[in-house]
Protein chains: 2
Amino acid sequence: MSKKPSLKDIAQRLGVSTALVSYVLNNKKENRIGKEIATRIRQVASELNYQPNRMAQSLKTNRTRTLGLIVADIANPFSAALARAVEDEADQHGYTVIFGSSDENPAKCSQLIDTLLNRQVDGLLIAPPAGMEAKLTALQQQRTPFVLLDRYYPSLHTSYVALNNYQAMYHAVEHLISSGHHRIGLVTFDTVLFHMAERGRGYLTALRDHDLSTRKSWLKAVDPCNAAVETAKAIRELTTGVQPVDAVVFASNMLTLAGLQQLIRLHVRVPDDIAVVGFDETDAYNLFYAPPTFIQQPVSEMSQQATRILLDMLDAPDRIMQVNIPAKLIVQASSLPQSVVHEQ
Amino acid sequence: MSKKPSLKDIAQRLGVSTALVSYVLNNKKENRIGKEIATRIRQVASELNYQPNRMAQSLKTNRTRTLGLIVADIANPFSAALARAVEDEADQHGYTVIFGSSDENPAKCSQLIDTLLNRQVDGLLIAPPAGMEAKLTALQQQRTPFVLLDRYYPSLHTSYVALNNYQAMYHAVEHLISSGHHRIGLVTFDTVLFHMAERGRGYLTALRDHDLSTRKSWLKAVDPCNAAVETAKAIRELTTGVQPVDAVVFASNMLTLAGLQQLIRLHVRVPDDIAVVGFDETDAYNLFYAPPTFIQQPVSEMSQQATRILLDMLDAPDRIMQVNIPAKLIVQASSLPQSVVHEQ
DNA sequence: AAAAATGGTTTAATCGTTTAAACAAATCCA
DNA sequence: TGGATTTGTTTAAACGATTAAACCATTTTT
């Protein structure tokens, strides 16, 4: 009931100054404080269940022990998984997390950054949409600690933790080639974001390195705003054209989902008619009759590392750290020459 | 760059007191302030891009304009969808959201509540795990505004927004009956949580109301900690026993996913061998060869209402509001007599 | 013309901490 | 014995806002 106890309450109860109480409770000046009074202070503090007022603390110290997290959309399983791992790691270090969704919109993202900074977060974890270079540069100039997560800009010298997208895609395509596929399509997003470009580069390089043809019509870049419809169209074109592909790789989980749905609709059999490699892990994959081979991102590890780097940067905002994490290719029925699962 | 501008900076630049600046910027004492000086203050404020220091404001006003959100697991699509809708609604009212995952663990949830309160959140949105009655009662006694979301305790007089789980399940079962099924199984969680109990009650009542038998062996309550394995076992028993069921309803999205996977593994055809009704919407459903009929929760609406109620309660913590929201049954191939989709 | 109301602004206390600096008393050292 | 140290504690000034109350001019009322 009543008010929450403050330093003052403890001090009054013992007839000492609030300063002393503060020193004791923060273990400062340890060597100079009387042992007896220290234990009495600690005792009263726990009796009253004293909890320091964070606002007052933050006002004084300019530290909130709060991190801001900006993802594309917290409702997307990938973002949610990132968020969860960030939450856990932050919690372990006594930090809490405020989050926001940018909806891939740079204006909204900038706005969100400002809101979070205005809330005095100590640092930011950002999975930035396209077109955030200027804002991020500005952040850096005002020495706000931040770490980019999942995506980054090669032109910017910032901390980041991201998948090695080039290598991930290269391996995936190589796997398709080595399992006998020669006409390989890619469905990716039409975006300038570097991580997507890297996936495209991995795809093209792998094909070239194996002397396979790389037709423009096999590389489908769909509009992120209309992904479901455009992916469906892309798949129709890839499978029914003059030169239909015998394999397709998807560059994101949403694309994979939309693509598989369309394959079902078109009665194109996986892997007999077409081999498939998806991106990211989702529960959904297991409901597909031929469990898809997919590129697995170590989401937890990425979030964890990014969070740790950010926490380090709080004390040294200029210590830039850049981490590329390798992906793992989980091979399942959807890309294997003869299907293990024929009929249900 | 230097320091962020404060009220004092504005005041000094104009040779007035900080009080006046504060009054102007907060539109207080409107009628008494000189028009000219007011506009000049506003102008300087925007020139300096003045942003009030939230910590100082909060310290003084005891309001942080921050809400706490506790879900079972932010990585679960259902929780994530809740979170997203809360975020949007809160944002519209100038509030930000701190979140945490309880992992269905009451101790962790209590701890989380304390952390969030310690962060001075103005109020809490909680999807509580089992066994939180005492903590919630305590919260109520200290007049902390909170709204339960998705789940609630009938024994507690608290605000909540939840699905009408009884009715949702009743309708689902009735639909199965009317489409010709008589031996209907349920896979639910083994928990005392009221919302789950209600789903069970809806199932049983619907069967009884239609004079159908209700065998104990048809009601499978699986351990939430081992859901995948136990659901698989439950499905095996339901489909291969002496009295196999001709339809099964699942009481959550995770159960639905696990159940459908097992049906695939066992080569039990949906809907020919067994009809299926799932709970919740997920992208995953669309990868199943027979798109499942499911009980659709209006997630956004729930979050939105809960958030609004909480915001109301900030000014009147005793205004208890209880809302039950009806579910919608989305009928698809998995529960219809003859399958539209026969083979891919 | 004195009293009252009004208008425009400032003073100063306060929220709950942190922390450098000051202080007093005990202890040391030569 | 007395100056320098050490030890234990307090004083007081921040941090950046809010807001009741005080203040001083005008203007209005009686």
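How do the residues of the surface near DNA strand C divide into nonpolar, polar and charged? They split into 12 nonpolar, nine polar and six charged. Here Ala, Val, Leu, Ile, Met, Phe, Trp, Tyr, Cys and Pro count as nonpolar, Asp, Glu, Lys and Arg as charged, and the others, Gly among them, as polar.

Before we go on, please keep in mind that this is a predicted model, in which local features need pLDDT of at least 70, side-chain atom pairs count only at pLDDT 80 or more, and totals for chains, interfaces and linings use all residues. Residues are numbered from 1 along each chain as its sequence is written, while chains are lettered from A and ligands numbered from 1 in the order in which they are written.

**The two DNA strands**

A residue is near a strand if its C-beta atom, placed from the backbone, lies within 6 Å of it. By that rule 27 residues are around DNA strand C, and A:A19, A:N53, A:A56, B:A19 and B:G34 come nearest. The elements giving two or more residues to this surface are α1 (7-14), α2 (18-25) and α4 (54-61) of chain A together with α2 (18-25) and α4 (54-61) of chain B. Helices (H or I, at least four residues) and strands (E, at least two) are DSSP runs, numbered from the N terminus.

Around DNA strand D, the closest residues are A:A19, A:G34, B:S6, B:A19 and B:A56. On this surface, α2 and α4 of chain A and α2 and α4 of chain B each supply at least two residues. The table puts the two surfaces side by side.

| Surface | Residues | Element giving the most | Classes |
|---|---|---|---|
| near DNA strand C | 27 residues | α4(A), five residues | 12 nonpolar, nine polar, six charged |
| near DNA strand D | 26 residues | α4(B), five residues | 12 nonpolar, nine polar, five charged |

**Where the chains meet**

The α4 helices also pack against each other: α4(A) and α4(B) make an angle of about 145 degrees, with their axes 8 Å apart. Axes are lines fitted to C-alpha atoms, for helices over the stretch in contact, and angles run from 0 to 180 degrees between N-to-C directions. A:M55, A:A56, A:S58 and A:L59 of α4(A) meet B:M55, B:A56, B:S58 and B:L59 of α4(B); two residues are in contact if their C-beta atoms, placed from the backbone, lie within 7 Å. This helix contact has six nonpolar, two polar and no charged residues.

The whole contact between the chains takes 42 residues from chain A and 40 residues from chain B. On chain B, α4, α5 (77-92), β2 (96-101), α6 (106-118) and α11 (253-265) each supply at least two of them.

A rotation of 180 degrees with 0.1 Å of shift along its axis superposes chain B on chain A (RMSD 0.1 Å), which is the relation of a two-fold axis. Copies are superposed by least squares on the C-alpha atoms of residues with pLDDT of at least 70 in both. The same surface serves both copies, as 100% of the contact residues of chain B recur in chain A.

**Backbone details and confidence**

A cis peptide bond, with omega about 0 degrees, joins A:V270 and A:P271, and A:P271 lies in the loop between α11 (253-265) and β9 (275-279) of chain A. The bond from B:V270 to B:P271 is cis too, with omega near 0 degrees.

Chain A averages a pLDDT of 94, and 97% of the residues score at least 70; pLDDT is the predictor's confidence in each residue, from 0 to 100. Over residues 339-344 of chain A the pLDDT is below 50.
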